[in-house]
Amino acid sequence: DGKPIWKIPFSTAVLTATSRMVYVSDGPSPTHSQLCAFRASDGAQVWSFPAQMIDAPVVNGDVIYAISGANSNLPSALFAIRASNGVPIWRSPAPATQFLQQLVIGGNTICLLGTVNGSYPPGASTLWAWRISDGKILWKSDTDGGYVSAAMSENVVYAVNNSSELVALDARDGTKTWRFPVDEHITPAISSQVIYVGSAGGGLV
């Protein structure tokens, strides 16, 4: 019927959700922000995790991954936090992104797509990859004129670059395995081992 179930005031919010929990990044200033977890059924707060300028939270099983210090001049880090209780699992240095675009997970790897030089539109965006088990930095890729969007499936990263190509990279070491020309910078969608990319002419590839 469209009626609100519950409501909690926030000054700013970046959120993600599961069937049981809602995770919200909020803070009145870059130095006083936090990642909060609320029960989806009634909005009761379960835990909070203090960090600076948390962005792009992504849930994978019972772990939530988020970048702190993104889109600012603050030191950046990638956090892995236990989604059920807010206990940190690991912390790894992350690039000081001026424009954070995506945080995607596939197989045993988590990838960040972001721009480090402050240019907009993101013509020089770089892909970074970490091992999800311990936060070890695996590789980065900023070739092909930079990337504008990315998606992951298992251990493969599918990224659209500024040369109008869909590029497949091995998520374990960043090796490029194939590329396909596209005519639009749209995030690819993946389903049942098929990749779908929109085209400038209004079609679907």
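User: Which word fits Tyr158, buried or exposed?
Analyst: This is a predicted model, in which local features need pLDDT of at least 70, side-chain atom pairs count only at pLDDT 80 or more, and totals for chains, interfaces and linings use all residues. Residues are numbered from 1 along each chain as its sequence is written, and side-chain values use heavy atoms, with hydrogens and water left out. A residue is called buried under 20% relative accessible area, exposed over 50%, and partly exposed in between (1.4 Å probe, protein chains only). Tyr158 has a relative accessible area of 13%, so the word that fits is buried.

User: How many strands does the protein have?
Analyst: Helices (H or I, at least four residues) and strands (E, at least two) are DSSP runs, numbered from the N terminus. The protein has 0 helices. Its count of strands is 18.

User: What share of the residues in the protein is buried?
Analyst: The protein has 205 residues. The share of them that is buried comes to 46%.

User: What share of the accessible surface do carbon and sulfur atoms supply?
Analyst: Accessible areas come from the Shrake-Rupley method with a 1.4 Å probe; for residues, only the protein chains shown count as cover. The protein exposes about 10200 Å². Of this area, carbon and sulfur atoms supply 53%.

User: Among contacts with a separation of 6 or more, what share joins residues 24 or more positions apart?
Analyst: Contact here means heavy atoms within 4.5 Å. Looking at contacts in the protein with a separation of 6 or more, the share from residues 24 or more positions apart is 33%.

User: What kind of aromatic pair do Tyr65 and Trp90 form?
Analyst: Rings of Phe, Tyr and Trp (its six-membered ring) pair if their centres lie within 6.5 Å; planes under 30 degrees apart count as stacked, over 60 as edge-to-face and the rest as tilted. The whole structure holds 4 aromatic pairs. In the one between Tyr65 and Trp90, the centres are 6.0 Å apart and the planes stand at 45°, which makes the pair tilted.

User: How many residues apart are Tyr65 and Trp90?
Analyst: This pair links distant parts of the chain. Tyr65 sits in strand β6 (residues 63–68) and Trp90 in strand β8 (residues 88–93), a spacing of 25 residues.

User: What is the relative accessible area of Trp90?
Analyst: Tyr65 counts as buried, because its relative accessibility is 3%. Trp90 is buried too, with a relative accessible area of 8%.

User: What is the centre to centre distance between Tyr158 and Trp178?
Analyst: Tyr158 and Trp178 form a tilted aromatic pair, with 45° between the planes and a centre to centre distance of 6.0 Å. The pair joins strand β14 (residues 156–161), home of Tyr158, to strand β16 (residues 176–181), home of Trp178. Trp178 is partly exposed, at 38% relative accessible area. To return to the distance, the two ring centres are separated by 6.0 Å.

User: Which strands stand at the edges of the open sheet?
Analyst: Two strands pair if DSSP finds at least two bridges between them. The open sheet has 4 strands in the order β13-β14-β15-β16, paired antiparallel. An edge strand has a single partner, so one of its sides is left without a neighbour in the sheet; here the edges are β13 (147–153) and β16.

User: Which residue in β14 is the bridge partner of Ala150?
Analyst: β13 and β14 pair in the antiparallel sense over 6 bridges. For Ala150, the bridge partner in β14 is Ala159.

User: How far apart, N to O, are the side chains of Arg179 and Glu165 in their salt bridge?
Analyst: A salt bridge is a side-chain nitrogen of Lys or Arg within 4 Å of a carboxyl oxygen of Asp or Glu, and the whole structure has 5 of them. In one of these, the side chains of Arg179 and Glu165 meet at 2.7 Å. Arg179 lies in strand β16 and Glu165 in strand β15 (residues 165–170), so the pair ties together parts 14 residues apart in sequence. The N to O distance asked for is 2.7 Å.

User: Which of the words buried and exposed describes Glu165?
Analyst: Arg179 counts as partly exposed, because its relative accessibility is 38%. Glu165 has a relative accessible area of 18%, so it is buried.

User: What separates Arg82 and Asp62, counted in residues?
Analyst: The side chains of Arg82 and Asp62 meet in a salt bridge of 3.9 Å, N to O. Arg82 belongs to strand β7 (residues 77–82) and Asp62 to the loop between β5 (55–60) and β6, putting distant parts of the chain in touch across 20 residues.
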